Amino acid sequence: MVVGDFAIELDTVVIGAGPGGYVAAIRAAQMGQKVAIVEKEFIGGVCLNVGCIPSKALISAGHKYQESLDSQVFGITTENVTLDFSKTQEWKKTQVVDKLTKGVEMLLKKNKVEILYGEAFFNDEHTLRVMGEDSAQTYSFNNAIIATGSRPVQIPGFKFSDRVLDSTGALNLTEVPKKMAIVGGGYIGSELAGVYANLGTEITILEGLPSILNGFDKDMVKLVEKNFKNRGVNIVTKAMAKEAVKTDDGVTVKYEANGKEESLDVDYVLVTVGRRPNTDELGLEQAGVNMSDRGLIEVDNQGRTNIESIFAIGDVVPGPALAHKASYEAKIAAEAISGKKVAVDYRALPAVAFTDPEIASVGLTEAEAKDKGLDTKTTKFSLAGNGRALSLNATEGFVRLVTTKEDNVIVGAQVAGHSASDVIAELGLAIESGMNAEDIAMTIHGHPSLGESVMDAAEAALGLPIHM
Ligand code: FAD
């Protein structure tokens, strides 16, 4: 191994090139900093390589497959629909993931961000070492941004293997399983359950809590559960997964539910019960950076740790592990380092599950508004009253607004239905900008569009509904 014996000076160094790290690096460069980014595995991080993007690609493939099986309602009959899953996986890799990650690499280069391939380890609060395959180099820096992300949690009795999968394994299967168990019905487990259920797998979800998709409002979760049921997905709640035992051609999953020991023979079991931050092999103790006992890095409202020169963003800091949160924190940290007076404000942080139907929430739910002592009301507009939803044959779902009683200010919103992930964006903007229902009701929305349902909900909140 070649070891550089002097420290190369850097202005700002970003560790990790996921949606936190690459965005921080580009924004810091835009602000005039000389930036380097260290990445040990893949540009684009978990999100682009083994998370958000490939999962959405497979979700789309599952939808296309189901649509081609089930298009009689449009007067279309299809015969001999077949699935070549190796082609699906090839498309996902070459046309989606590779294109996007190469695009990010290009953007980094265009912004003159130096890419250092290797694993970073702090020596102290102003230097770090980067270990490449056959070289190591020490760098000194003025500021560092930690964006090393997270990895799946492994639970006792379920050691990851070729049959006991983490989310990466489930995304990269080379065959569509006949039977699959999923331990954990959070959004990742539910999205992957949807993928394989749509592709024909018999799925059982084992969820420890009383309901899947914990954190989303009950009426939204019910819609997802109904569709799971229609696809034959079996949801076992309050279930305690005990052990996975490999068999000749699959795996037996043992669990406890309703006080009884049960077991399931499946081809694969996917375990998706949470993620832990990648902070344990970074030398943070040497840099003096404080962490919580769960390994999360404590930061202020600009992302600065207890050490003046070191910032942290994304999955390594508290809050939901979401790509858009990481990218948002990235811009704040990069601008703070550049001397801008900025601070995070999570009021309009959306949460989306790409289930059937999609469900999305931003700002406060009705219950949260009550807990905060706000005097609010809720208004719900059903997609059954939306022309575009009807023309898409997708009337399942609704837009709900949580508004203050006094002046109709929008403090929260929930959307369930086709493209809820897009429809929620307008409501995020409304909350971020402190808009009220009248602002939305008087905004001209293109017709026919799903977005009109937001306008309809706003009119209803004002007591002036046209379409209900
Ligand atoms: P990461 O994306 O994890 O990137 C961290 C990077 O740091 C990695 O590339 C890693 O190799 C690198 N690294 C780690 N340690 C070192 C080191 N010592 N030296 C150098 N490099 C290092 N979020 C959403 O918002 N929407 C979704 O739809 C969504 N879907 C998901 C689906 C799945 C299956 C999974 C697993 C996650 C999903 N997420 C989604 C979550 C999202 O992927 C993460 O929240 C996001 O990637 C976090 O970004 P990050 O930049 O903090 O870290």
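## Worked exercises: domains, contacts and odd backbone spots

In this predicted model, the centres of domain 2 and domain 3 sit 31 Å apart, taken over C-alpha atoms. Let's work outward from that pair.

**Exercise 1. Work out which residues make up domain 2 and domain 3, and how many of them take part in the contact.**

Step 1: Start with the bounds. The domain assignment gives 164-273 for domain 2 and 357-461 for domain 3. Domain 1 comes in two stretches, 8-151 and 276-337.

Step 2: Pick out the contact, with heavy atoms within 4.5 Å as the cut-off. Domain 2 puts in nine residues and domain 3 puts in 13 residues.

**Exercise 2. Describe the surface that domain 2 and domain 3 bury between them, and find the three residues of domain 2 that supply most of its share.**

Step 1: Take the area. About 890 Å² is buried between domain 2 and domain 3, with 63% of it from carbon and sulfur atoms.

Step 2: Look at the domain 2 side. D217, M220 and L223 account for 53% of what domain 2 buries against domain 3, and no other three residues give more.

**Exercise 3. Sort out the polar side of the interface between domain 2 and domain 3: how many salt bridges and how many polar pairs are there?**

Step 1: Count the salt bridges; domain 2 and domain 3 share four.

Step 2: Check a pair against the 4 Å limit for nitrogen to oxygen. E396 and K226 pass, since their side chains meet at 3.4 Å, N to O.

Step 3: Add the polar contacts. Five residue pairs across the interface of domain 2 and domain 3 qualify, with both residues at pLDDT 80 or more.

Step 4: Sort the residues by type. On the side of domain 2 that touches domain 3, five are nonpolar, three are charged and one is polar.

**Exercise 4. Zoom out: what does the radius of gyration say about the chain, and how many salt bridges does the whole structure hold?**

Step 1: Compare two radii. A compact globule of 468 residues would come out near 23 Å; the chain has 24 Å, so the two agree.

Step 2: Put a box around the chain. Along the principal axes, the C-alpha atoms fill roughly 70 × 65 × 45 Å. Inside are 14 helices and 23 strands.

Step 3: Search the whole structure, and you get 19 salt bridges. One of them joins E256 and K242, with the closest N and O atoms 2.7 Å apart. E256 is in strand β14 (residues 251-257) and K242 in strand β13 (residues 240-246), 14 residues apart along the chain.

**Exercise 5. Explain why a cis bond or a positive phi deserves a second look, then place the examples.**

Step 1: Recall the background. Most peptide bonds are trans, and most residues other than glycine have a negative phi, so the exceptions stand out.

Step 2: Find the cis bonds. D356 and P357 are joined by one, with omega about -5°, and P357 lies in the loop between β19 (351-353) and β20 (359-363). H447 and P448 share another, with omega about -10°; P448 belongs to the loop between α13 (437-441) and α14 (452-461).

Step 3: Check phi. L213 has a positive value near 50°, in the loop between β11 (202-206) and α7 (218-230).

Definitions and conventions
Residues numbered from 1 in each chain as written. Heavy atoms only, no water. Domains from an automatic or database assignment. Buried area = accessible area lost by both parts, 1.4 Å probe. Polar contact = N/O pair within 3.5 Å; in protein donor to acceptor, adjacent residues only side chain to side chain. Nonpolar A, V, L, I, M, F, W, Y, C, P; charged D, E, K, R; others polar. Helix = DSSP H or I, 4+ residues; strand = E, 2+ residues; numbered from the N terminus. Rg over C-alpha atoms; globule rule 2.2 N^0.38 Å.
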